[in-house]
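Q: Please take a close look at one buried position in this model and one partly exposed position, and set both against the chain as a whole.

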Amino acid sequence: MTVTNGMTTPPDVRRTEPTRESIMQSLVDHLYYSLGSTIQSASKHDVYTALSLVVRDLLVTRRRQTTEAHYQANPKFVYYLSAEYMLGKQLPQNLLYSGSTELIREVLAASGRSLDDLIAMDVEPGLGNGGLGRLAACFIDSLATLDMPAVGYGIRYEFGIFKQTFVDGRQVEEPDEWLFHGTPWEFPGPDNMIEVGLYGRTETYIDEQGRKRGRWIPGMRVLGEPYTTLVPGYGTQTVNILRLWRARATNEFDFQLFDAGDYVRAVEVKTYSENISKVLYPNDETPQGKELRLKQQYFFCTCSLRDIIRRFHLRNESWDVFPDKVAIQLNDTHPVIAIPELMRILLDEEGLAWARAWEITRKTFAYTCHTLLPEALERWPVSLFEHVLPRHLEIIYEINSHFLADVRAAYPGDTGRIARMSIIEEHPVRSVRMANLATVGGSAVNGVAGLHSQLLRERTLKDFGELWPEKFQNKTNGVTPRRFVKLANPRLSDLITTTIGDGWLTNLERLRELEPYADDPAFREQWRAIKRANKADLAALIQRTTGVAVSTDAIFDVIVKRLHEYKRQLLKILHIITLYHRLKDDPGMEIVPRLFLFGAKAAPGYHTAKRIIKLINNVGAVVNSDPDVNGRLRVAFPPNFGVSMAQVIYPGADISEQISTAGKEASGTGNMKFALNGALTTGTLDGANIEIRDLVGAENFFLFGLTEEEVTALKASGYNPLAAYYANAILKRAVDSIAEGHFSNGDTQIFRPVIDSLLGRDEYLVLADYQPYVEIHDVVEQVYLDHERWTRMSILNTARCGYFSSDRSIQEYCDQIWKVTPVRIP
């Protein structure tokens, strides 16, 4: 029962205890009353939408109960700020989490409909690009599953990052029109819009208490409209929310200009304002692109803070308890502008003194760093900050002034340290260092894997690690097994449940109970049968998306991840070319057939990465069509890699390629998803590969390459890539074949920048690690021929990777950083 204004409102039984009859009635009701359609005239999309609304209704009742329980308990909330959320399809997950999958499948089958056909119509939200966004999605899933009071915040990108297509092997970016038909999973909130200021000027004044104050007079304003998506927990009643912001113009239409025939200028303000939420990561090569990115970040941070403060004041009054009720996690540097924004609100609008405002702010925020690459630690030119957010720059200057006074006191006369730690970088361009601001303005800083956290503390933010060692923590990433095992690999999931029973999806360490079955021949045969079936599914996807025919007898060797030079897709290409040359030299040689499967997007302005994509496709075209190869090597690169494609790829993979230069990858989560699905890792000692290898056993991991210490030492000694190139004739032949145009119809210029980078600098030591990489893959081939050994290794990878559940990661954040406790929903 729900009590409203003294009246008791019974919950709708159809939405708490659904039956076949109630599901069918709800489906018909939504066709008529929500969509204005009829049973006779309903299109397939109408049925999909009506079904989605039926499933959403099942979650709304739980959301209502969650809201009431949270209001009564007045707990501390986690507010997760992330520029990305790579959610994946919502219908299959919400069916699973509402426990209605089979019931609805039966209802649809009775009316001649296929649930799988309707699931195929569900569109992935275009809200993310890579590991950062997928991690955020896993984390909000785990927060709900663990009954933690939480809200995720981000931007409702109208066109996502982009839809990737290939034209003549080149990446072409097209709009990701995921909202073309709307989405049934969100609740718009046009009556809760938030006004956002930009540009303008600042002024000082004397307040009523005689204190000197600053304030901001914005030069323009936009509106932030919230869209709320339900985030259910698995095996619990909790339903949290993800709130995304859409930019709206304060004045959408100038009638006078339109009436005068100036139709373009009549909607100019609308277009300019709403660009803020059009695209994820707009190209920042231009000044306009940089400005748009900064506006995006501020827009979603201030909207989110306003909403957080509104929620806080529902049950609380004193600002002094704000950090006891609010924990804000900054997912990388994109939302760090929230720190000076909260200070601005507390100082300028709430009238708090500096010391009190800073104490509240510092206790409220925590920061996750996802990189060690200097270029990925955001810096904003002071001139841009001054133009877009003048008051925030003043506040940052004051934060920096107080902070550097403390540094001088702790390290008298150490001017070098002061320059390194300053939030303001003076050279080469005067800039705001957002990672420094996050570290100064929060209570905790964490890395996302053991090595990453160590290097973050000892190198990237070394001075801060020495000043505040207690601030630095490690929180190794994790993934949700509900999506990446249960939904992605139902065959394996069923075998696991049959073998060890229920409960492992919320206690993934129970996978250890599979270990004894690694020595059971009958179980190993079941395991192989599942892998063969999954490979057949993946082969069908490849055929459908690329036209490349693949044998399931081949080793499925997979590298799917964001395209970046440090991830070394180029090393994989050199390996493919080397195997190709072996077959050209001896067409009759015995070789285990191989599929090399790529999946990656390159940032639109990252020209080297886009050339590498072109090279992959060109190499594939040559290898796939060569009669000497005769299908024994296949290269496939399906465009537009995303969560739905990943859910087919991870279960079908034999080899997981995790080959980044040691010391460059923060953690990775794809490595965990592959291992949980029984793929064996070929990898360096980088990111979470180290923890995977420690857990599964060195004998069940194909290790190669320089360690982080060896990478550092080699670079310090004056690494010469040309020496590596000339010292290895096989490597030289592979590189030369690219340079001489063998994979570009004789064009020797198209890949010249890639070759020049390799031979001139080789920043990520591709040539240094080439020989051990080729050698470890020769070992892989031999092990693969021993089917029993390979299967045993595969089983042990799954059995020993229960640690990599996002539930475990989130529990550590809750216990050690956020200090939040669950609220159980009756």
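A: Accessible areas are obtained by the Shrake-Rupley method with a 1.4 Å probe, and for residues only the protein chains shown count as cover. By this method the protein chain has an accessible surface of about 31900 Å², and carbon and sulfur atoms hold 51% of it. The model is predicted: local features need pLDDT of at least 70, side-chain atom pairs count only at pLDDT 80 or more, and totals for chains, interfaces and linings use all residues. Residues are numbered from 1 along each chain as its sequence is written, and side-chain values use heavy atoms, with hydrogens and water left out.

The average pLDDT (the predictor's confidence in each residue, from 0 to 100) of the protein chain is 95, and 97% of the residues score at least 70. Residues 1–9, however, have a pLDDT below 50, and in the model this stretch makes 10 contacts (heavy atoms within 4.5 Å) beyond near neighbours in sequence.

In overall form, the C-alpha trace of the protein chain spans about 90 × 75 × 65 Å along its principal axes. The radius of gyration, taken over C-alpha atoms, is 28 Å; this agrees with the value near 28 Å for a compact globule of 826 residues, under the rule of 2.2 Å times the number of residues to the power 0.38. The protein chain contains 35 helices and 25 strands; these are DSSP runs (helices H or I, at least four residues; strands E, at least two), numbered from the N terminus. Among contacts with a separation of 6 or more in the protein chain, 76% join residues 24 or more positions apart.

Of the 826 residues, 60% count as buried, that is, under 20% relative accessible area, with exposed over 50% and partly exposed in between (1.4 Å probe, protein chains only).

The buried position is Thr661, located in the loop between β23 (655–658) and α27 (670–676). Thr661 counts as buried because its relative accessibility is 1%. Apart from neighbours within four places in sequence, Thr661 contacts Tyr566, Arg568, Asp686, Val711 and Tyr764.

The partly exposed position is Met24, which lies in helix α2 (residues 20–34). Met24 has a relative accessibility of 28% and therefore counts as partly exposed. Apart from neighbours within four places in sequence, Met24 contacts Val107 and Ser111. Met24 and Leu108 are 84 residues apart along the chain, yet their C-alpha atoms are separated by 8.4 Å.
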